[in-house]
Amino acid sequence: MVSCMMRQSDEKHILGTASTEILLWSSRRDLIAVSNSSGEVFLRRLSWSKVWKLPKTGDGVKVTAIVWRPDSVVLAVGYSSGDVTLVDVESGDIVHTFNPCGEPVTALSWENSIASLNEEAENFLLPELLPQPSKVNSSKLDAGPILEGDKGLKNEELLSLLWIGLKNGLVYGYAFGLFPCCLLKLSELSGMNETIGAVRSICPNGDHSQLCILADLRAGRSEVLLMTVDTPLITYCLKELYGLGVLYRQITGLMDCLISAQKALQEAWEDALVDLESKMVRYDNNDGQSSLSVDLMELLMFGHAGIKLEKFLVTDLTDKGLKRIGQAVELSYSNMQKLLIKHIVCANYQLSHYLTQLCGLAKQEDRFSCLGLQVNLCLSACRAAGSFTAKTAELQQVIDGSIKYLKTFFRWLYVTILRLSDEPIPPELATSTQQDVRFIANFLAKDFETDGQVRLDRIGQYLRNEPLTSIASSKTRPWDMLAEACPTITNFPDSDLFQPRAERSLAQEFTHLEQQVKASFEAIPSAVGQTASLPFMTNLTLDCPSDGLDKIKITSRSINQPKDRCNLIGLTNSATPSSGFYLFEFASEKERKNLTRAAFFSFRRCDNLPPGEYKLSDMQFYNDEIMSILLLTEQNTNSIFLQLSLALLREQLAPIMSRRGPFNSSFQSDLFASSFRVFNDFQATALGLSSSRKVAAIFSAAKRKVRIFDMEVEEEEDVEDEDQDIEDVSDLSQEISKDRGNQKDLSDVDMAVSP
C-alpha cells in the first residue's frame, strides 16, 4: 500500500483578469513558477507570496513552456514568438535571451548528466578562466554588478543540456542553456513523407545519450508520433562539449560586455559639435565664393577678420556659447577614453585570449573535428578580434588628436571673440606660441573640412555602422606605423596577420567580429545532430480534432535508479477531459535498451473508485513511485485527487514494436488506486507537484483559486487535525452513497486503499 495522505495548508484567491496556464514547482526550493494568459511569469513562494514578476514580451505573445535548471538557479521561459529567456531566480533579472529559428517554442526540458566531469579534470583542455570584466552601467559609466545567475552558469560541474522543441518539428540542444550544440530535424530522422509538426514533449535520459520525444504529425489527422532519438556523439564527446560550452559562455559574455560598452560609448559621444557645425555650414552658404576655412586661415595669419566673419564669431558663436561647447566636448571625449581603456580594451584582450584557446582546441582535430569545429573559421574569428583591437587603438589616437586640435582651436577662437568684442582677455590665455599657430594652421588646412563640408568631429563616424567619411592618415594609424617600423612583418602569411581596414569604422569591425565568432560555432549543432539515429517510432491516433492536439495532457519523467533506468511518458487520449490515459515506458539501460512497453488505462476499470463515470482533467508524475491524477465526476460536481503506484502500472505494460500505424489501444489494463481524496466543494482542474518539497498546488475550474497541500503527512497528525475538516473513512463507497442519499455536503475526504 502506498500511503500519500495530504493536508490543506493554505488557500489563495488569484486577482486580475488573466487566467493561470502553466505552473511548475522547483525541485530544490520552495518556489513555484506560474504563467498566465497575458504572457506574464510570476515566481511565488510556498505561501504563494510573489517574489518577482516577469512582464509580457509583446502583445499576443504567450508563454508556451517553462523549465527549471536542475540546480534551480535559473528559470527558462519559452514564448510563442520563438524567444527563450533565461531568468536569474534570485533577482528576477534576465540573464540571456535568444531565438533558435523564429518558430514558436512548444516544449522545454533541462537535464544534467549523471556523470561528473571532475574525475578527469587533468584531461580538461582549458586553462584557468579569467575573471569577467565588469559590465557598463550606461547611466554612470561605472561597473554594474554581474548577475548571480551568470555566475552560476560558470560554476556548473556537470554538463547540463536545455532541450528546446519547436512548432516546426526541430529540437535544439543548448549546453548550459547558452551554447547551441545539437540540432535534430525530426522529419529527416524519421524518413517519413509527412512533415513532423510541433514537438509536445522531450524527455532525456540521464547521460544525454537518448531522448524520448512526442510530436504531432502534420497530415490533418489527430495523430501524435512517439520516438526515441539516440545521440551517441554527445555522450562520447562529453568533455569536449563541456569545454566548448565553457568557452562559448566566456566569449558570449565578453561580446555582451563589448555591446554594452559601445552603447555607453555612443551615449558618451554627445552631439555637442552638431550645433557648431550647422552654424558653420550656414556661414558657407551665405557666399558660395568664400570659405570659412580660408577666412579663418587669413584671420590666423594676418590677424584681420572680415565683416562677415566678425559678425559670425561675435553674434552667432559668442564667447559663452563657444565656452559651453568646449567644456561639453572635453567631458564627452574624456568619458569615451575611460570607456575605451577600462572596458572595451580589457574585454577585447580577454576575448582574443579565449579565441586563441578556441583555435588551439580546433587544431586537435582527432577530438573536435567530429563536432564541426573548423580551424580556419576559428582563425578568422581570432583575426577579426585583432582587427577590432587595431581599430580601437586607432580610435584612441583619433580622440587624443581631436582633443589637442579642438582645445587649441577653441582657445584661439575664444580669445579672438573676446578681442573683437572688446572684452578683457584672461592673462593665462593672452599669449600663444608659434607651435600653437602651426597646430591650428595644420588643423584648418587638413582636418577642418571634408568634401566641402565642415567636420570638426572625427569620433562619431567610428560609432556608426558605415564606412569612415574621413580616413586617418597612415602615419597616425598604429598598425601602419608598426608595419613601417618593421617592414619584414609584411612577409608573414596573411593567415597570421591582423587585417584592419582603414575605411572601416569601429562599429563595422565589431559587426565583422560578431559574424566570425558566430561562424566558428555555427556548424556544431548540425554536425552533432547528423550523428543521431531513430531506433524506435510509432504513431498514436487520439480522440480529438487535429487543431486540439496542443490541449492534450502530457507528463514525462526520467528514472535513473541503478537497476532501473527508463523514461516514462503519460498522455491523455483526448483534448477534453479524458476517460483514461496512455503510459509509455522507454528503457534506457544496456540490458533493455530500446525496449518499449505501453498500455491504456481506463478509469472504468478502477475497482477502488466509487461507481460512476470519471474524466481526467490533469496528470503529473509525483516521484519515481507515484503518478498523480485529477478526476472530475460525470456531473462535474466533485473532484478526486488520485495517487497511482507506478510499480503496479508498469507491471501491466506490454511490449510494442517500432512500426507505423496506430497504436493498439486494446491493451487496456486494470487500474488500482493507492490513495485518493475527494473534493466536494472544489472543482479541481490543474495541479502542480513537488515531491522534494512534499507540496501540491491544486487550481479550481476557473483557475481563480488555488489550494496548497502538504503531502505525505503522517496519518496520526492528519486524524488529530480538526481545524482542516478532514475525516478518514474505512469505506469510501458507502460514505459517498450515504451522503448522496441524505443530500448532505461532504467535507474533504482522504483514503488509503490497498491494491
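Reader: Which residues of strand 18 are buried on one side, and which on the other?

Author: This is a predicted model in which local features need pLDDT of at least 70 and side-chain atom pairs count only at pLDDT 80 or more, while totals for chains, interfaces and linings use all residues. Residues are numbered from 1 along each chain as its sequence is written, and side-chain values use heavy atoms, with hydrogens and water left out. In a regular strand the side chains alternate between the two faces of the sheet. Both faces of strand 18 are covered, and the buried residues (under 20% relative accessible area, 1.4 Å probe, protein chains only) are Glu223, Leu225, Met227 and Val229 on one side and Val224, Leu226, Thr228 and Asp230 on the other.

Reader: In strand 21, which residue is the bridge partner of aspartate 230?

Author: Strand 18 (residues 223-230) pairs with strand 21 (residues 533-541) in the antiparallel sense over seven bridges, where pairing requires that DSSP finds at least two bridges between two strands. Within strand 21, the bridge partner of aspartate 230 is serine 533.

Reader: Which residue in strand 18 does aspartate 216 stand opposite?

Author: Strand 17 (residues 210-217) runs antiparallel to strand 18, and seven bridges join them. Aspartate 216 stands opposite a residue of strand 18, namely valine 224.

Reader: At what angle do helix 7 and helix 10 pack?

Author: Helix 7 (residues 307-317) and helix 10 (residues 375-420) have their axes, which are lines fitted to C-alpha atoms over the stretch in contact, 10 Å apart. Because angles of 65 to 115 degrees count as roughly perpendicular, helix 7 is roughly perpendicular to helix 10, and the packing angle is about 100 degrees.

Conventions. Axes are lines fitted to C-alpha atoms, for helices over the stretch in contact, and angles run from 0 to 180 degrees between N-to-C directions. Helices (H or I, at least four residues) and strands (E, at least two) are DSSP runs, numbered from the N terminus. Angles under 35 degrees count as roughly parallel, over 145 as roughly antiparallel, 65 to 115 as roughly perpendicular and the rest as oblique. Buried means under 20% relative accessible area, exposed over 50%, partly exposed in between (1.4 Å probe, protein chains only).
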